[in-house]
Amino acid sequence: MPKGRFLAEFELYVMLGVAGLGEGAYGAAIRRAIRGRTGRPVSIGAVYATVSRLEEKGLLSHAVSEPRPVPGGRARKIYALTPAGEAAVAHSTNMIRRMVEGVELDGLEAWAP
Amino acid sequence: MSASSPAGRRARTRPPRLARALIARLVWSEDRAFLLADLDEELEQMAAERGPRAARRWYRAQTLRSVLPLARRRLSAPGRRPRAAARDAAPHRSEDSMSWLQRFSQDVRHAARAVRRSPRYAAAVIVTFALASGANIAVFSVVNSVLLRPLPYAAPDELVMVHRVTDYGIESGVSLPDFRDWRAASTSFARWAGYSGSGRTYLGPDGAERWRGVEATGELFEVLGVPPLAGRALQSGSDHVGDPVIVLGHGLWTRRFGADPDIVGRSIRFEDGTATVIGVMPAGFYFPTPDEEYWMPIAESPYIDQRGAWLLQTIGRLAPGVTLEAAQTEVGTVARRVAEAADGTAESPCRTTCTEVSVESRHEAYVGDTRRLFAILLGAVGLVLAIACANIANLGLTHATGRSRELAVRAALGAGRGRLSRQLIAEHVLLALGGALVGLLLSFAVLRGLVALGPDDLPRLGEVGIDWTALGYAMLVALVCGVVFGAVPALSASRASIGPALKDADRGSVGRTGRRTLRLLITTQVSLAVLLVLGAGLLVQSFLHLSEVRPGFDTRHVLAVHIDLPESRYGTPEATEGFYGSARGRLVGRSGIEAVGFTTHLPFSGSRIQASYTTESATGERTPGSDLELEVVGEGYFESVGIPRLAGRDISREDGPDAPLVAVVNQRFAELRWPGRNPIGRRFALDDSADADTPWHEIVGVVGTTLKRGMDDEPRPVAYFPRRQFQPTYGLMSGRSGYLTLRTTGAPARVISTVRSELAAIDPALPLPRIETSAELVSRSMAEPRFRTILLGSFAGLALLVALLGVYGVMAFAVARRTREIGIRMALGASARRIRGGVLRSGASLLVAGLAIGLGGGLAATRLLRSMLFGVSPSDPGTYAAAGALVVLAGVAACWLPARRASRVEPITALREE
């Protein structure tokens, strides 16, 4: 477990979004994923800023895809978790889960393992 | 993504141009294309779902919300070391602050290097700023300690003083019965206490000592809200008039009782009784001034219950929600009602003029008078600071042109103009902080001088010191000034174009705007200096006029001995008269002593008493006058103090308790009531109601008018009553407290020891009396005018010096810059004198504008000083001429050296110089 590596809230969402989207993890998709799942308004600038920062920290890497073979298709930057990034996400998520365990709050949804 | 419909491709939605341009600029180049494409993709989707207008709205919202995250990301320095990046695990905000810090520390290091490279310039800036900053910090500390810091009581802005107001708007005291009635009827105060100053002689193991303190009603400490350090303070329930209990001040406890922890409960012996210590107040507490060292309940005395004995001052704490004005109205109404109710008892000495009250905040009452003085002083040091900053800006400009090559090179290598400016400013802020540090050290010395010079009655002078507020002020001033005078060369440098600067090498030209700025700064400096010199000149004149005032008594050969006979041993008039008789007998005729007298209220001593009066009309009725001041005197008083007798006779031995009541009045009184006629034989009485029955006094003599309160006082009507008649008639002013006055042949100080030994021979148990010469009295009354004159004069001198250094600097720089041109002129035949004259002329042109503005502005500004001027008008032409001449002379002196240097230029070397 990496020592002291703790992701900020939004960074965690972005990482989880990237993890969940797999090969389709590009800017707009990440934004839509977070927006859709959390209901929290997200700006594209925040996504790009966070992704850039996470990359700098070595938690994300990117690859530029070939332009898609459709009219108006374009190259995209696809992001993926690095091994360090995976560890960080796991670490943060586990920490949250451990804290949530046993806590009873109105409106607290059940924690999916 | 946009599906081809059978009808053909739908037109793509155009993103809003402004938003797109904005976000395109914000995002960094590597991701620009991707982000814009992402936005376009989502725009299309939005348009399909919600229509193009909503989609464009969404686009704009996205742009706005992206501004902050993108900007923050951009500002964090790109390309950081991976190690630093790996270390950073915190939320993104600290990353930005780290980079700010990084950039800041870089600027500071660079500034320090730049300063080290030009030590002479740095020294000049630091010294100039230190002088101005030191003066500023010192004056600010005084203002802060005296005026700004709250008084040492709980919620001090709720505390108010309530005075009775008599004619002439003079604030007077309240009697105990009136005070009790007012307090019972009024609703404006949560707590209200009355107090008066008192003195007692303490009988200690090593002799008698006179203490000054306060007698108060029990609520005093509840009003002030400061808990005692030990024991308890006076309480309204338990401590009544005459109770023999005492609360000690911290200073007294330390000084006299060695901070004895068991002091509470001990009994203290006074000359006229004992008292039990019930408590000690903490250090830093005082009331009403630091001179009062103890607090006791009001002492029992025969006139304590007389409504006419206006003995008490009062201080109250406003009830919640009550304003000053509301309290004033309410108490005034209460006072009137109480006066009307007391009418029938014939106790109240007056009915109509004595029910006005004034309610004033305690803070205002205590330090309010200093506001004007401090405003002027702060303004003056502010001007000095402005002059210093202008000076430093000038230095900076000329210095920057010397560095223009260095700056040009750096600019060519890619340092942005903003960055260069920032670094120049950082340099100067550093220099300013250094100057402020030196100034801080200077200010300690200046402060000590200020406190020593300060008039004794400047309140809270003992609390003056440099505290954290002053330090913060110093740093703030340094920061602001550093930015200001760093901005001047920064602006000029950033405006200079790189090419010419590189070519011109060290012969850097200031440039037209630079030259204009130089002239503007010099003109500003000179005009401000002129302003200060004007102000100082006016104050000096005032002071000189003040010191030439003749107060109406002898200022060189009079000695005043403060007498305070204890009631225990001088309870009867016979005892008191016996003392004074013995004193006269022993002192009159001694070598060096020409006359001996006595008065209860010596002029310039700070104590005085007023009463209202009526005069007897031709038909024997009482005609009310306004107020007069009174002194109860012994025989020989006028002679001893040097007051000339103008008509009639002096108070004599015959004016005893069984003789007809007489009085002597001063000329002012006579002029006021009987202008052009002889007052001798006329009668007046002390009260102001038409049907009172106070006795008549017959006027038997007229003496010259003396000033009572100070050298700038106006003449007032005074009546002098024989001591042996006053007390039996009115029950007041027995003569136990007063001043023995002596006329001496030579210097009054020489007879002091004689006086002391003779008085000790009469009564060995008497504590050492305070003795002052009339010269000392006069000097004390001039302490405040002296204070502000010296201060303003010093600031003006400082300002002139700094301004002239500025003029000298600019002239020297100009001469150095034009050495080549001067060399050419001399080679072509110009004489040394012509060159010198030319330089002086150009210097004069610099001065003239500043002089004109300064003198013109002075006409307006010196009006502010009007209340401090005596005998001179704010537009006194002599002062203006003198100030102008002084500045011109000084300016010529400042230009002299550069002019001489110019005339000494060797044409050959000058032409060769590059």
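Colleague: How many salt bridges are there over all chains?
Modeller: The count comes to 39 over all chains, taking a salt bridge as a side-chain nitrogen of Lys or Arg within 4 Å of a carboxyl oxygen of Asp or Glu. This is a predicted model, so local features need pLDDT of at least 70, side-chain atom pairs count only at pLDDT 80 or more, and totals for chains, interfaces and linings use all residues. Residues are numbered from 1 along each chain as its sequence is written, chains are lettered from A and ligands numbered from 1 in the order in which they are written, and side-chain values use heavy atoms, with hydrogens and water left out.

Colleague: OK, which residue does A:Arg32 pair with?
Modeller: With B:Glu41, and their closest N and O atoms are 3.2 Å apart. That pair crosses between chains, going from helix α2 (residues 27-38) of chain A to helix α2 (residues 29-50) of chain B. Helices here are DSSP runs of H or I with at least four residues, strands are runs of E with at least two, and both are numbered from the N terminus.

Colleague: And is B:Glu41 buried or exposed?
Modeller: B:Glu41 is buried, because its relative accessible area is 8%. A:Arg32 has 28%, so that one is partly exposed. Buried means under 20% relative accessible area, exposed means over 50%, and partly exposed is in between, with a 1.4 Å probe and protein chains only.

Colleague: Which residues are linked in a network with those two?
Modeller: The salt-bridge network links A:Arg31, A:Arg32, A:Arg76, B:Glu41 and B:Glu42.

Colleague: What about A:Lys77, what does it bridge to?
Modeller: To B:Asp31, with the closest N and O atoms 2.2 Å apart. This pair also runs between chains, from strand β2 (residues 77-81) of chain A to helix α2 of chain B. A:Lys77 counts as buried because its relative accessibility is 9%, and B:Asp31 is buried too, at 4%.

Colleague: Now B:Arg212, where is its partner B:Glu292?
Modeller: B:Glu292 sits in the loop between β8 (273-280) and β9 (294-297) of chain B, while B:Arg212 is in strand β4 (residues 207-216), so the pair ties together parts that are 80 residues apart in sequence. Their closest N and O atoms are 3.1 Å apart. B:Arg212 is partly exposed at 43%, whereas B:Glu292 is buried at 10%.

Colleague: Switching topic: how many helices and strands are in chain B?
Modeller: Chain B has 28 helices and 22 strands. It has 914 residues, and 50% of them count as buried.

Colleague: Any charged patch? Which residues gather in the positive one?
Modeller: A:Arg35, B:Arg50, B:Arg53, B:Arg57, B:Arg60 and B:Arg65 do, on the surface. Patch members have over 30% relative accessible area and no salt bridge, with like charges joined within 9 Å and nonpolar side chains (Val, Leu, Ile, Met, Phe, Trp, Tyr) within 5 Å. Lys and Arg count as positive and Asp and Glu as negative, leaving out His and the chain ends, and each charge is placed at NZ of Lys, CZ of Arg, CG of Asp or CD of Glu.

Colleague: Which helix gives the most to it?
Modeller: Helix α3 (residues 52-75) of chain B, with four residues. B:Arg65 is in that helix, and its 40% relative accessibility makes it partly exposed.

Colleague: Last one: which residues form the nonpolar patch?
Modeller: B:Val127, B:Leu131, B:Val438 and B:Leu442, with about 290 Å² of accessible area together. Areas come from the Shrake-Rupley method with a 1.4 Å probe, and for residues only the protein chains shown count as cover. Helices α6 (119-148) and α14 (417-453) of chain B each supply at least two of the residues.
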